[in-house]
Amino acid sequence: MTMPRAPLDDPLPAVILAGGLSSRMGGGDKGLLRICGRSLIAHLLDRLAPQCAPVALNANGDPARFADLGLPVLPDGMPDRPGPLAGVLAAMDWAAGLGAPSVLTAAGDTPFPPADLARRLAEAAGPSGLAIAASPDPQGAMRDHPTFALWPVALRDDLRATLAAGQRRVLAFAARHQPGRAIWDSRPHDPFFNVNRPEDLARAEVIAETIPRTG
């Protein structure tokens, strides 16, 4: 079934996914780690806010720790932190409440997404209205980045049932709905570079110095 698509001149709502456990970084909120004196999420907002409105944050626990970002904080609606798909569902439910047909998601540990993310995802949407981002790895193999995606809210009941059945893989769920794919170059840096380990912070500092702020 083909879902209705938002016109490209209408801003899309967006949700930053920051509900992970950050085990490889020793726990805590990866998105609040700082590069060049500002949090990863603040750098992400520089890129995302000019493209999308409104913007919210998906995170669990006390929302006060994100107060300085000035964003609504959406907890997972499913118990036991079942992963990014629960954040996608929270994003869909929030967007549906706004009357939006779709919602864009972005990973909170990925500070430098493309400045044309929303437009390119909307243009690439498949028959269901779903689109995911992709870029080549250093060896040239294409990698999907399903936490950077455009999700039609019409899929939220199916996603809720998928999570209730114990299925948690974002890409597996997306693949069931014939997503379109928007591809970005990974040079001079991959726009979907994410901070997974302490050493990634140093690399992020170097990249940040080369990217003009868009916000």
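This report walks through the nonpolar cores, one helix, an aromatic cluster and some unusual backbone spots of the structure above. Please keep in mind that the model is predicted.

**The nonpolar cores**

Let us begin inside the protein. In soluble globular proteins, nonpolar side chains tend to be buried together. Here the largest nonpolar core has 31 residues, and Ile16, Leu48, Leu57 and Leu121 are the members with the most contacts inside it. Several elements each supply at least two residues of this core: strands E1 (12-17), E4, E6 (102-107), E7 (131-136) and E8 (142-152), along with helices H1 (40-48) and H3 (117-124). Helix H3 gives the largest share, five residues.

Leu48 is a good residue to click on if you want to see how this core is put together. Setting aside its neighbours within four places in sequence, Leu48 is in contact with Ala14, Ile16, Val55, Leu104, Ala106 and Leu117. Apart from the core of Leu48 lies another core, of 26 residues, which includes Leu74, Ala95, Val103 and Phe173.

**Two sides of helix H4**

Helix H4 spans residues 156-164, and its Leu159, Thr162 and Leu163 are buried. Why do these three belong together? They cover an arc of only 95° around the axis, so they sit on the same side of H4. The spacing fits a general rule: an α-helix has 3.6 residues a turn, so residues three or four places apart point the same way. Asp157 and Ala164, on the other side of H4, are exposed. The cover over the buried residues of H4 includes helix H2 (84-98) and helix H5. After H4 comes Gly166, with a positive phi near 90°.

**An aromatic cluster with a charge over it**

Across the whole structure, a search finds three aromatic pairs. One of them joins Trp184 and Phe192: the ring centres are 5.6 Å apart and the planes stand at 70°, so this pair is edge-to-face. Both partners are shielded, since Trp184 is buried with a relative accessible area of 7%, and Phe192 counts as buried at 5% relative accessibility. Together with Phe148, Trp184 and Phe192 form one aromatic cluster. Trp184 has a further partner in Arg120, which lies over the face of Trp184 at 4.4 Å from the ring centre.

**Unusual backbone spots**

Finally, a look at the backbone. Most residues other than glycine have a negative phi, and most peptide bonds are trans. The table gathers four places that depart from this pattern.

| Site | Feature | Value |
|---|---|---|
| Ala53 to Pro54 | cis peptide bond | omega near -10° |
| Arg187 to Pro188 | cis peptide bond | omega about 0° |
| Cys36 | positive phi | phi about 50° |
| Gln178 | positive phi | phi near 50° |

Where do the two prolines, Pro54 and Pro188, lie? Pro54 is part of strand E4 (residues 52-58), whereas Pro188 is in the loop between strand E9 (180-183) and helix H6 (198-208).

The residues with positive phi are in loops too. Cys36 is found between strand E2 (34-35) and strand E3 (38-39), and Gln178 is in the loop between helix H5 (170-175) and strand E9. Are Cys36 and Gln178 buried or exposed? Cys36 is partly exposed, because its relative accessible area is 32%. Gln178 has 54% relative accessibility, so it counts as exposed.

Note on methods:
Residues numbered from 1 in each chain as written. Predicted model: local features only at pLDDT ≥ 70, side-chain atom pairs only at ≥ 80, totals over all residues. Heavy atoms only, no water. Helix = DSSP H or I, 4+ residues; strand = E, 2+ residues; numbered from the N terminus. Buried < 20%, exposed > 50% of the residue type's maximum accessible area, 1.4 Å probe, protein only. Arc of directions from axis to C-beta. Contact = heavy atoms within 4.5 Å. Phe/Tyr/Trp six-rings, centres within 6.5 Å; stacked < 30°, edge-to-face > 60°. Lys NZ or Arg CZ within 6 Å of the ring centre and 35° of its normal. Core = buried A, V, L, I, M, F, W, Y, C linked by side-chain atoms within 4.5 Å.
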